Structure formats: structure tokens, C-alpha cells
Amino acid sequence: MIRLMEPGRLRLGVLASGRGSNFIALWEAIERQDLNAEIKILISDKADAPALEAATKRNIPAVFINPQEFTFRQEYEQALVGELMPFKIDLLVLAGYMRIIGSTLLGTYKNRVVNIHPALLPSFKGLHAQEQALVYGVKFSGCSVHLVDEGVDTGPIIKQAVVPVRQDDSVESLSRRILKEEHNIYWQSLQLLAQGQVYLSGRRIYIKDRNQEVGER
Ligand code: GRF
């Protein structure tokens, strides 16, 4: 069993491709002092991502790195690592980042890349998870915070939240209900990491109570 993070203030790097509401929710949790962390930089692969503006507005360095300028994913990720390195981040946080993470980032940040997915994994991986859930006809869906591994949405799960699926739900209404929970469980998961409470054994995550020892399993 390995402890994922030692207790302390987390230095975060955020990758985002879109609107950035999860980034903002993390920032707000930090402001409220619910989350012991600092967001050191936000990087986007989309020049017009609202997340870039949201970061700038909050005095967080915001950088656009254009993937089109690189032939191979490895080169693009090397550029990301180059940008992240000076900030000595503890954790790379994916917040609506729409690219697959390759071996360069995973090798640099082993067990230190986290993602949020708008479904109860392992169901409905990949794109349009909320729509997949509606079409399938599940009665409950939700969201999952997980470590990123080589697969798409397959890494060890840190936290999940469940929401009901209603008969009259549209993709939009279900997405809204799930997003509300995303905005809670992301910072809560990161705070558990900041408190040094998160352990990994195989693909199972154990949350150690602050007063309780987790024995070898
Ligand atoms: C969220 O639903 C997240 O689960 C998914 O992408 C969406 C990003 O939203 N990975 P935002 O950009 O954080 O508002």
C-alpha cells in the first residue's frame, strides 16, 4: 500500500479545454480554505477556452499550448512538462481536458494525475457520458474522481457521487445535476490528498481516517 501524497499544501497544475467550472470550483474551495492547495498554473489546448480567462481573472498564470504545432503527442506533452516544471507541482488536475494523457505526462507525474468524469465509472467512459447514461436508461448516474492511468477513464477511483436520473431528464438537466456534485467531490478528493489520507493498493484506493492506521493488506 502506498500513500499517494504526504500531508501539506498541494501545488496544483490544471489542464482545461473548456468552460472551466471545475477549475473555478477548486479555486473557490481554496478561497474558502476548504482545500489546502494553490493553483500554480492553468494550461489549455484551446486558444479560446473560457477557462484561460477565468484563470487570468484570478491572477493564475494561464497558458495556451497549441497541439497543432507538434507532430507527436510525446512532443506536445514534453512542451506541457516544460511549462509545468518550474512550478514544481504535486498534482496535475484535469478539469474538462479533452485529450488522452500519454506516457510522457504519466511518466513525469506517476500516480499524480487526477481527473473528474461525469458518470459512475466504470460505466459510460469517454465522451458524452451523461448522454450515454440517458440512452442506456440507468436510474442513477453521477460522477467519479479518479487517478489517471494509460486507459481512458480507467484509473483507480478516489471518490464518487450518485445522482438520480429522472424520467423527464434531458442531457442538459442531467448534466447540471451531475456538475453540481462534481463541484463538491473534486475539491473534497484533493483535500483528502492534501491531508495525506489517500492510499493505493492494487487498483483500490483507501481513505485513512486521520486517527486510524491503515494496515498492510
Ligand atoms: C465536466 O463535466 C467534467 O466532468 C468533464 O468535462 C466537463 C468539464 O466542465 N470531464 P468544466 O470545463 O469544468 O466546466
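Which residue has a polar backbone atom 2.8 Å from an oxygen atom of the ligand? One such residue is Gly-20. A polar contact here is a pair of N or O atoms within 3.5 Å; within protein, one must be able to donate a hydrogen and the other to accept it, and residues adjacent in sequence count only if both atoms are side-chain atoms.

A word on the model. It is predicted, so local features need pLDDT of at least 70 and side-chain atom pairs count only at pLDDT 80 or more, while totals for chains, interfaces and linings use all residues. Residues are numbered from 1 along each chain as its sequence is written, and side-chain values use heavy atoms, with hydrogens and water left out.

Back to the ligand. Asn-22 also has a polar backbone atom 2.8 Å from a ligand oxygen. Arg-19 uses its side chain: an N or O atom there is 2.6 Å from an oxygen of the ligand. On its own, the ligand exposes 370 Å², and the protein buries 86% of that. Those areas come from the Shrake-Rupley method with a 1.4 Å probe; for residues, only the protein chains shown count as cover.

Now the whole shell. Around the ligand you find Arg-19, Gly-20, Ser-21, Asn-22, Gly-96, Ile-116, Pro-118 and Glu-182. Each has a heavy atom within 4 Å of the ligand. The shell divides into 2 nonpolar, 4 polar and 2 charged residues. Asp, Glu, Lys and Arg count as charged; Ala, Val, Leu, Ile, Met, Phe, Trp, Tyr, Cys and Pro as nonpolar; the others, Gly among them, as polar.

Next, the space itself. The ligand takes the space of the largest pocket, meaning that more than half of its atoms lie within 2 Å of the pocket's grid points. A pocket is an open set of points on a 1 Å grid over the protein atoms alone, where a 1.4 Å probe fits, with protein on both sides within 12 Å along at least five of seven lines; lining residues have an atom within 4 Å of a point. The volume is about 920 Å³. Of the 34 lining residues, Gly-96, Tyr-97, Met-98, Ile-116 and Pro-118 are the closest to the centre. The largest share of the lining, 4 residues, comes from α6. Helices (H or I, at least four residues) and strands (E, at least two) are DSSP runs, numbered from the N terminus.

Last, two loops. Pro-122 is in the loop between β6 and α5, and the peptide bond into it from Leu-121 is cis, with omega near 10°. Gln-33 lies between α1 and β3, and its phi is positive, near 65°.

Technical notes:
Grid points are joined across faces, edges and corners, and a volume is the space filled by probe spheres set on the points.
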